[in-house]
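Reader: I have a structure open and would like to talk it through with you, strand by strand and then side chain by side chain. Could you bring it up so that we are both looking at the same thing?

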Amino acid sequence: MKRTVILSLLPLTMGAIGAAQTSEDRGHEIALEANRRATGFGDLSATLHMIVRNGRGTERVRELAIKTLEVDDEGQRTLVRFEEPRDLRGTALLTVGHGDGSSDQWLYLPSLQRVKRIAGASRSGSFMGSEFSYEDVSAMQPDRYTYRLIATDTLEGMPALIVELRPIDPSSQYSRQLVWFDESEYRVLRIDFYDRGDILLKTLTLNGFRKYGNRFWRPDVMEMVNQQTGASTALQWSNLVLGTGLDPRDFDPKRLGRGE
């Protein structure tokens with residue numbers, strides 16, 4: 001489908017925003033509203049169909065199970081476990097969010113029967129050969145960025161707001177991100193990721209949104225394209241269920257090797 005992009009410079013949008021509100025204030029406000037609308041679901045489980053393509057178009061297919069739990073005053077805990085192919089079965093990534101906006105990650109590798117912590121600069125590494133890094137699969141914590149509304153946009157015919165995010169963490173692999181939020185529902189439609197040299201590195205697009213629990217919008221497909229190599233990774237979501245009764249104990253790093 002052809003994409004139509006209509007940009008209006010920020011000074012032209014300020015009349016609608018209000019003279020007393022800065023672009024930074026408005027950008028932060030948009031991010032907080034998007035986060036408010038996306039949270040409060042309690043917990044969810046789903047199946048992920050991952051298609052990894054290299055720059056020549058060769059594909060590898062993987063099946064994963066994902067579980068996410070919201071913990072009051074802390075953040076989200078997410079467990080992703082590979083089910084196929086056989087050589088990756090049981091491999092698991094656990095991400096645990098904290099109240100200050102930070103998070104910890106652990107990777108379990110069955111071949112080594114070992115749990116490895118992912119920290120600092122290691123988060124820029126590829127998650128199991130995909131175009132998603134460990135940093136990408138961490139929950140986006142609002143307190144970990146600065147914000148600035150830079151433009152309005154029409155993406156696939158949908159009015160959107162473009163907000164620039166700059167990470168506070170100096171170990172981030174990105175200098176900034178440009179995030180397209182749809183103007184009516186504050187869903188994330190697209191993210192452009194810029195490397196530390198401020199060159200466009202990757203683009204994430206989200207499509208096929210469905211509403212769950214009569215409130216929460218979730219995409220059917222998320223595709224990350226490396227703009228520098230041509231490689232890509234698509235995540236196709238299915239069997240998404242809210243309110244499955246997960247417990248914080250289901251997200252204990254010590255239990256990663258048990259296949260639970």
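Reader: Let's start with β4 and strand β5 (residues 92-97): in which sense do they pair, and over how many bridges?

Author: Bearing in mind that this is a predicted model, β4 and β5 pair in the antiparallel sense, and five bridges connect them. Within that pairing, L79 stands opposite L94 in β5.

Reader: And how many bridges join strand β3 (residues 59-71) to β4?

Author: Nine bridges join β3 to β4, and these two strands also run antiparallel. Across that pairing E70 faces Q76 in β4, and the hairpin that the two strands make has three residues between them, with D73 taking a positive phi near 65°.

Reader: With those partners, is strand β4 largely enclosed or not, and why?

Author: Strand β4, residues 75-84, is largely enclosed by the rest of the structure, because seven of its 10 residues are buried.

Reader: What joins E84 and P85?

Author: A cis peptide bond joins E84 and P85, with omega at about 0°, and P85 belongs to the loop between β4 and β5. For context, most peptide bonds are trans, and most residues other than glycine have a negative phi.

Reader: Speaking of phi, which sign does it have at Q113, and where does that residue lie?

Author: Q113 has a positive phi, near 50°, in a residue that is not glycine, and it lies in the loop between β6 (103-109) and β7. Q113 is exposed, with a relative accessible area of 67%.

Reader: What about the phi of E156?

Author: E156 has a positive phi too, about 55°, although it is not a glycine. E156 is found in the loop between β8 and β9 (158-167), and with a relative accessible area of 33% it is partly exposed.

Reader: Switching to rings, how many aromatic pairs does the structure hold?

Author: The structure holds five aromatic pairs. One of them is formed by F82 and F127, a tilted pair at 5.8 Å centre to centre with 50° between the planes. F82 lies in strand β4 and F127 in the loop between β7 (114-118) and β8 (145-155), so this pair ties together parts that are 45 residues apart in sequence.

Reader: Are F82 and F127 buried or exposed?

Author: Both F82 and F127 are buried, and together with Y134 they form one aromatic cluster.

Reader: And how far apart are the ring centres of Y145 and Y147?

Author: The ring centres of Y145 and Y147 are 6.4 Å apart and their planes lie at 55°, so that pair is tilted. Y145 counts as buried at 15% relative accessibility, and Y147 is buried with a relative accessible area of 6%.

Reader: Which charged end sits over the ring of F209, and which over the ring of F193?

Author: The charged end of R187 sits over the ring of F209, 4.9 Å from its centre, while the charged end of K202 sits over the ring of F193 at 5.9 Å from the centre of that ring.

Reader: Back to strands: how many of the residues of strand β10 (residues 174-182) are buried?

Author: Nine of the nine residues of strand β10 are buried, so the strand is largely enclosed by the rest of the structure. Six bridges join β9 to β10 in an antiparallel arrangement, with L165 opposite Q177 in β10, and the hairpin of β9 and β10 has six residues between the strands.

Reader: What about β10 and β11, how many bridges join them?

Author: Seven bridges join β10 to β11, which run antiparallel, and the bridge partner of Y174 is D195 in β11. These two strands form a hairpin with five residues between them, and Y186 in the turn has a positive phi of about 60°.

Reader: Last topic: what volume does the second largest pocket have, and which residues are the closest to its centre?

Author: The second largest pocket has a volume of about 200 Å³. Of the 11 residues that line it, the closest to the centre are E156, M158, L189, L206 and N207. The elements that give two or more residues to this lining are β11 (188-195) and β12 (200-207), and β12 gives the most, with three residues.

Reader: How many residues of each class are in that lining?

Author: The lining of the second largest pocket has five nonpolar, two polar and four charged residues.

How values were computed. Residues are numbered from 1 along each chain as its sequence is written. This is a predicted model: local features need pLDDT of at least 70, side-chain atom pairs count only at pLDDT 80 or more; totals for chains, interfaces and linings use all residues. Side-chain values use heavy atoms; hydrogens and water are left out. Buried means under 20% relative accessible area, exposed over 50%, partly exposed in between (1.4 Å probe, protein chains only). Helices (H or I, at least four residues) and strands (E, at least two) are DSSP runs, numbered from the N terminus. Two strands pair if DSSP finds at least two bridges between them. On a 1 Å grid over the protein atoms alone, a cavity is a set of points where a 1.4 Å probe fits but cannot get out, and a pocket is an open set with protein on both sides within 12 Å along at least five of seven lines; lining residues have an atom within 4 Å of a point. Grid points are joined across faces, edges and corners, and a volume is the space filled by probe spheres set on the points. Ala, Val, Leu, Ile, Met, Phe, Trp, Tyr, Cys and Pro count as nonpolar, Asp, Glu, Lys and Arg as charged, and the others, Gly among them, as polar. Rings of Phe, Tyr and Trp (its six-membered ring) pair if their centres lie within 6.5 Å; planes under 30 degrees apart count as stacked, over 60 as edge-to-face and the rest as tilted. A charge sits over a ring if NZ of Lys or CZ of Arg is within 6 Å of the ring centre and within 35 degrees of the ring normal.
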